[in-house]
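Work through the exercises below with the model open. Each task is followed by a stepwise solution.

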Amino acid sequence: MNTEHQIKRIGIFGSTGSIGTQTLEVIAAHPDLFSSEVLTARENDELLIKQALKFNPNIVVIGDEKKYQKVKEALAGTDVKVFAGEQAMEDVASMDVYDLMLAAIVGYAGLKPTLIAIENGKAIALANKETLVVAGEIMMQKAVENRAPIIPVDSEHSAIFQCLVGETRNKVDNIILTASGGPFLGRKPNYLVNIKREHALQHPNWSMGAKITVDSATLMNKGLEMIEARWLFNLKPEQIKVLIHPQSIIHSMVEFEDGSVKAQLGLPDMKLPIQYALSFPRRLSNDYPRLDLKKIGTLTFEDPDIKTFRNLALAIEALNKGGNLPCVLNAANEIAVFAFLRNRLGFLDMTDVIEKTMQHVPFIASPTLDDYSASDGEARNFAADLIRL
Ligand code: NAD
Ligand code: MG
């Protein structure tokens, strides 16, 4: 936060999505602490206009340039500056009109704006896990160089972050990422083979964007989160465990070297980790429903079935091998999920596309940013060819 500003100025990149809209709810509840100064969206012009009229940001960016005129005209009577296109999103990321970026774009598309924000020393509240999956080492290094704090928004990582507060000198043995297991927990391939889009989009505990909801159903989400955790908390792959916990009450745990385990609990509501990322190191009061463990009754745990949910096995392979493999895994997964959501690819076929793409794209042990960009492109093309997109 710039010292001359009492109010923390937030730039929400991806303001029209599930995380973006919930972030605006948090900001609206604390107008004395936060203002939303940048709002960006890929194509949802109507919601972006509505948000701009309500929150009066300094700048809005609409990714789809064809929609520029409409947004510009709708905001003509206001002070809001309107820009359009991918380049504009990157330009705005570097401007001194906000203090903290809420990185809520989905997928690889969020990488460049986030890197630019880091290079400009902005604080980052990171929802966009794919950026760390693709280029975690480079991002974390740049964050240290530019003194740009990265505070997780992903609920599991927020939980771990909260467990680590006050523990800087203490050694972590393991972290345990909890996973709901998604809507198909306990199911076998003979059932999964017939799963269609509508079925996969029904998550038992969380209401989220389409891509992450499919990733939760395939357990790829947990694999991406393992890689995300590796970079956020500077861990070795073998220190990162996954435990299925269908109630989604324990959001994750840290096991210290003395065997003590700390957990963070709460009802599944993304506004909590969003609020914490905005207000850290403070906590803010709110009127959200409270956890009542008596009502929950039982918390259960089991191992993930990685023989059935093979996406998680592939992500663990990428985590262990490192290099450009997580980037390739992510790109192939983005294409596979895109195709699945358009009924162009079966539920289990997503895994085959990702596996074949990982085998195809040449391995690079220590990639540069240009290498990541090339690997991402190559993996997307190969995966799209496989599906005949
Ligand atoms: P969403 O699809 O609901 O929203 C995505 C946002 O990004 C939208 O505002 C959209 O306009 C924008 N966007 C999409 N593609 C873009 C592009 N190519 N260029 C610029 N902007 C683009 O997604 P979401 O569920 O809000 O998830 C956002 C990120 O947060 C994802 O990385 C997801 O993994 C992560 N996350 C989400 C949740 C959740 O509860 N939704 C929880 C944890 C982490
Ligand atoms: Mg999560």
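**Exercise 1.** Find the side chain with which the side chain of R9 makes a polar contact.

Solution.
- Start from R9 in this predicted model. The partner is the side chain of D96, at 3.0 Å.
- Check the cut-off: a polar contact needs N or O atoms within 3.5 Å. The 3.0 Å separation of R9 and D96 meets that distance.
- Place R9 in the fold. R9 belongs to strand 1, residues 8-13.

**Exercise 2.** Decide whether R9 and P367 are buried or exposed.

Solution.
- Take the cut-off: buried means under 20% relative accessible area.
- R9 has a relative accessible area of 9%, so R9 is buried.
- P367 has a relative accessible area of 11%, so P367 is buried too.
- Locate P367. It sits in the loop between helix 16 (349-360) and helix 17 (369-387).

**Exercise 3.** Set sequence separation beside C-alpha distance for R9 and N221, then for P367 and E238.

Solution.
- R9 and N221 are 212 residues apart in sequence; their C-alpha atoms are 30 Å apart.
- P367 and E238 are 129 residues apart in sequence, with 22 Å from C-alpha to C-alpha.

**Exercise 4.** Which side chains of strand 9 point to the buried face?

Solution.
- Walk along strand 9, residues 240-244.
- I240, V242 and I244 point to one face and are buried.
- K241 and L243 point to the other face and are not buried.
- The general rule is that side chains in a regular strand alternate between the two faces of the sheet.
- Now add the neighbour. Strand 8 (residues 172-179) pairs with strand 9 in the parallel sense, over five bridges.
- Within this pairing, L177 stands opposite V242 of strand 9.

**Exercise 5.** Describe the shell around ligand 1 and its polar contacts.

Solution.
- Count the shell: 22 residues surround ligand 1, and the closest are T16, S18, R42, E130 and G209.
- Sort the shell by class: eleven residues are nonpolar, seven polar and four charged.
- Trace the sources. Helix 1 (18-29) and helix 6 (129-145) each supply at least two shell residues.
- Go up to domains. Domain 1 (8-152) and domain 2 (157-268 + 289-314) each contribute at least three.
- Inspect the oxygen atoms of ligand 1. A polar side-chain atom of T16 lies 2.8 Å from one oxygen atom.
- A backbone N or O atom of S18 is 2.9 Å from an oxygen atom of ligand 1.
- For R42, a polar backbone atom is 2.8 Å from a ligand 1 oxygen atom.
- Finish with coverage: ligand 1 has 830 Å² of accessible area on its own, and the protein covers 87% of it.

Definitions and conventions:
Residues numbered from 1 in each chain as written. Chains lettered and ligands numbered in written order. Predicted model: local features only at pLDDT ≥ 70, side-chain atom pairs only at ≥ 80, totals over all residues. Heavy atoms only, no water. Near = heavy atom within 4 Å. Polar contact = N/O pair within 3.5 Å; in protein donor to acceptor, adjacent residues only side chain to side chain. Areas by Shrake-Rupley, 256 points an atom, 1.4 Å probe, with all protein chains shown as cover. Helix = DSSP H or I, 4+ residues; strand = E, 2+ residues; numbered from the N terminus. Nonpolar A, V, L, I, M, F, W, Y, C, P; charged D, E, K, R; others polar. Domains from an automatic or database assignment. Buried < 20%, exposed > 50% of the residue type's maximum accessible area, 1.4 Å probe, protein only. Pairing = 2+ DSSP bridges.
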